[in-house]
Amino acid sequence: MRIIQVQTQAEAAGAQRISDMVGEGLRARGHDVRTVFMYRKTDAFDGDPHADFVLAEPPKGLPGQVRAAIGLAAYLRAARPDAVISYQHYGNIFGTIGARLAGVRHIVANQSGAPQTKGVMGLLSRIDRLMGVLGLYQANVVNSAWTQAQFDRYPQAYRRRIRRIDHGVPAPADDFDKASARAAFGLPRDAWLAVSSGRLTQMKNQIALVGALEQLPHVHVALAGVGPERDAIVDFAGSRGLADRLHLVGEVPTARIFEFLAAGDAYAFPSTTETFGLACVEAAISGLPVVSNDLEVMREVLTAEDGEAAAIFVKADADGMAGGLAEMLARPELMARLSAAGRRLRDKYSPATMCAGYEALLLP
């Protein structure tokens, strides 16, 4: 089959990581798969031979968004794919409309967030609900039991198209040396280091992790990612005398994420809302013990099939993060147990199983 994946923005983030794996897996099964981004946000996909961009930069205002939507529809009409797989709110809406205009038979949407009721996101949720009820896409993928439960009050016409396919999470192909990894990213060689990865946003809440350093005088934090909260995080650290223990390494490409994770002693995840938490599960599978915000979905996805959790679950504030990291510092045996449980998640989140699930939705 000729398959087009529709993403909103090109950057190194979780949703894009998933479409990378789905595309790679489906190509390995003999399908022709390309990913089109409505706009280029960073250089993360500039060298990807399977990626295309509708706009070369983020759209400005409503006119820019209209250009992106029209450009996407034209792209799909020219490509004439057999199937479209869409991701994220805008990708789902405009990808589905463009696919319908192009006469595509198989359309699969992904729900990367829980339904919202307020603001722009609330409007997008209402549009998605209407599209699902009308059957504009054939299948609607959710990535966890928690996410699926968020749609329990939706009409049956919407829910009957929901299919659960847990995210695949790759395991590191190489064993990286900690000292070499720290040198590669310019991180302190001998410090006890908590690492975290993801876009620097209020939702990801990295500022709580930085605040935890006030209670942990010998701990350093390294953040991988870019985003609108970078300056606020830097200013916060500077105002509290923490700047020398905060290390911002910028956007880390997918090919180097496990090298970055190898630099850490533990992984911290203060994110305030998730439907799966791919970056966190990725860290656990790499063998890092995890301190995570106590979200119901994180308890679900970070629990191995034998029932043992790969994380300490805490409140997503500075006190909670500090307490979790302090407990790890005091209990090496706990860190070893969490690390072992995390590695056992590899079978639970097989990328091959995920890709087979998507292929089954597309084949007649």
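Is Leu 62 buried or exposed? I looked this up at the start, keeping in mind that the model is predicted. Leu 62 has a relative accessible area of 60%, so I noted Leu 62 as exposed, the cut-off for that word being over 50%.

**Entry: surface patch.** I then asked where Leu 62 sits. Leu 62 belongs to helix H2, which runs over residues 61-79. I found that Leu 62 joins Val 66 and Ile 70 in a nonpolar patch on the surface. Together the three have about 300 Å² of accessible area. I added a general remark on spacing: an α-helix has 3.6 residues a turn, so residues three or four places apart point the same way.

**Entry: helix H4.** I checked the span of H4, residues 119-134. H4 has 16 residues, and I noted 23 Å from the first C-alpha to the last, close to the 22 Å expected at 1.5 Å a residue. I listed the buried residues of H4 as Gly 122, Leu 124, Ser 125, Asp 128, Met 131 and Gly 132. What do these buried residues pack against? I found helix H3 (89-101) and helix H6 (156-159) as their partners. After H4 comes Gly 135, and I wrote down its positive phi, near 75 degrees.

**Entry: cysteines.** How many disulfides does the structure hold? I counted zero. I looked up two cysteines for burial, where the cut-off is under 20% relative accessible area. Cys 280 is at 0% relative accessibility, so I entered Cys 280 as buried. Cys 355 is at 3% and therefore also counts as buried.

How values were computed. Residues are numbered from 1 along each chain as its sequence is written. This is a predicted model: local features need pLDDT of at least 70, side-chain atom pairs count only at pLDDT 80 or more; totals for chains, interfaces and linings use all residues. Side-chain values use heavy atoms; hydrogens and water are left out. A disulfide is a pair of cysteine sulfur atoms within 2.5 Å. Buried means under 20% relative accessible area, exposed over 50%, partly exposed in between (1.4 Å probe, protein chains only). Patches are made of residues with over 30% relative accessible area and no salt bridge: like charges are joined within 9 Å, nonpolar side chains (Val, Leu, Ile, Met, Phe, Trp, Tyr) within 5 Å. Accessible areas come from the Shrake-Rupley method with a 1.4 Å probe; for residues, only the protein chains shown count as cover. A salt bridge is a side-chain nitrogen of Lys or Arg within 4 Å of a carboxyl oxygen of Asp or Glu. Helices (H or I, at least four residues) and strands (E, at least two) are DSSP runs, numbered from the N terminus. The expected span of a helix is 1.5 Å times one less than its number of residues. Contact means heavy atoms within 4.5 Å.
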